Amino acid sequence: MFDLEAKPTGERWSFDFDLPNEWNVGLIVGPSGSGKTTAAREIFGDAFVDLAWPSDGSVIDGFPRAVSIKDVTSALSAVGFSSPPSWLRPWSVLSNGQQFRANVARLLVQDRDIVAMDEFTSVVDRTVAQIGSSAVAKAVRRSDRRFVAVSCHYDIIDWMQPDWVLTMPDGTLDRRSVQRRPTVDLTVSRVDRSAWDTFRRHHYLDHSINSAAACYVATWNDRPVAFASVLSFPHATSPGWREHRTVCLPDFQGVGIGNALSGLVAAAYSATGKPYRSATSHPAMIRYRARSSQWRMTRKPSRVRRQGCTSTLRGAFGGSLGRLTATFQWVGERRPDVARAWGLI
């Protein structure tokens, strides 16, 4: 049809470069057919891992048995996949964004000096790709691993902030100094409790919501991305407020949106002069708040038992009884401006 000779054809690339001595995140980028994968496998062939997931098991079951459950959950949370109910589902039923993050988490627990991933962010929405790239890069640097991404998308560079970029097909290497990723500007509004319907199935523990909860939603570029709610905390000597629900949608996890919303709500409610407390069992949230200067741990991770509990304690922590939880109180800045805007003072 096209008058082409039936003979083998091919392309050849030749270039020289030296990687930096110290690096954590590398990116090989270029259009389709530019030789990205060929170059990546020539340079980092041993770093590619076959990620076959079990067809009859959960995401957790897909990780090597030698890796502790603590390290598995830490890896999943670190890449922005912080939904324990989804960890118990088969990989095949997850969204593309969740599959992408689960794949990266499995790579990061491999006992290898360097791990590489082809078609990085190719199957996810571009906003999800940018958020996910930032979360992955942060997780890689925190664990002091080496990770190589192979992608045809240039829009992840500013979010991923790689230490070096190999651009194909010309084979030029750009060494970079790590800069801050682009900002995520959120708009937070008080909303009707019906907004919980968008977020309920993504909560790590409980899909219900108290009828007395005050609810808030954070939007980014007019898209709802996170939810928080607050309840009054009755107490004989120290009445105040308690965090009721905090959820960040899976596609936007890993860059601190949930923690930012939680902190803003806490700052606003603290401006009323009453203490703001939160009990959580989510390991990623416990780790974050334990390191934060804006939260003070008032109860170390432990199990609240029903025996001997007062009715007030049951009301405050009824959903936490029997599980390992930690309690925190907000000691950061107070935001009377936000409290006035929300009608709290």
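Quick definition before we start: a helix here is a DSSP run of H or I, at least four residues, numbered from the N terminus. Keep in mind that this is a predicted model.

With that, helix α2. Just after α2, Gly 80 takes a positive phi of about 90°. The helix itself spans residues 69–78. Which of its residues are buried? Val 72, Thr 73, Ala 75, Leu 76, Ser 77 and Ala 78. The cover over them includes four helices: α3 (84–87), α4 (96–108), α5 (126–143) and α8 (283–291).

Next, a hairpin. Strand β4, residues 164–167, runs antiparallel to β5, residues 172–175. There are 4 bridges between the two. One of the bridge pairs is Thr 167 with Thr 172 in β5. Between the strands sit 4 residues. In this hairpin Gly 171 has a positive phi, near 75°.

Now the sheet. Here is a general reminder: strands of a sheet pair through backbone hydrogen bonds, in parallel or antiparallel fashion. This one is an open sheet of 7 strands with mixed pairing. Read across, the order is β6-β7-β8-β9-β10-β12-β11. Which strands form the edges? They are β6 (187–191) and β11 (295–303), and each pairs on one side only. On average, neighbouring strands are turned by 25° against each other, direction ignored.

Look at the β11 end. β11 pairs with β12, residues 324–330, in the antiparallel sense, over 6 bridges. Ser 302 has Thr 325 in β12 as its bridge partner.

What lies across this sheet? Helix α7, residues 257–270. The strands it crosses are β6, β7 (214–220), β8 (223–233), β9 (240–248), β10 (276–280), β11 and β12. It runs at about 35° to β8.

Two single sites to finish. Ser 194 is in the loop between β6 and β7. Buried, exposed or partly exposed? Its relative accessibility is 45%, so Ser 194 counts as partly exposed. Compare its position with Thr 127: the two are 67 residues apart in sequence, and 26 Å apart in space, C-alpha to C-alpha.

Last, the start of the chain. Met 1 sits in the segment before β1 (25–29). Why does Met 1 count as exposed? Because its relative accessible area is 94%, and exposed means over 50%. Met 1 also belongs to a nonpolar surface patch, along with Phe 2 and Leu 4. Together the three have about 510 Å² of accessible area.

Methods: Residues are numbered from 1 along each chain as its sequence is written. This is a predicted model: local features need pLDDT of at least 70, side-chain atom pairs count only at pLDDT 80 or more; totals for chains, interfaces and linings use all residues. Side-chain values use heavy atoms; hydrogens and water are left out. Patches are made of residues with over 30% relative accessible area and no salt bridge: like charges are joined within 9 Å, nonpolar side chains (Val, Leu, Ile, Met, Phe, Trp, Tyr) within 5 Å. Accessible areas come from the Shrake-Rupley method with a 1.4 Å probe; for residues, only the protein chains shown count as cover. A salt bridge is a side-chain nitrogen of Lys or Arg within 4 Å of a carboxyl oxygen of Asp or Glu. Buried means under 20% relative accessible area, exposed over 50%, partly exposed in between (1.4 Å probe, protein chains only). Two strands pair if DSSP finds at least two bridges between them. Axes are lines fitted to C-alpha atoms, for helices over the stretch in contact, and angles run from 0 to 180 degrees between N-to-C directions. Contact means heavy atoms within 4.5 Å.
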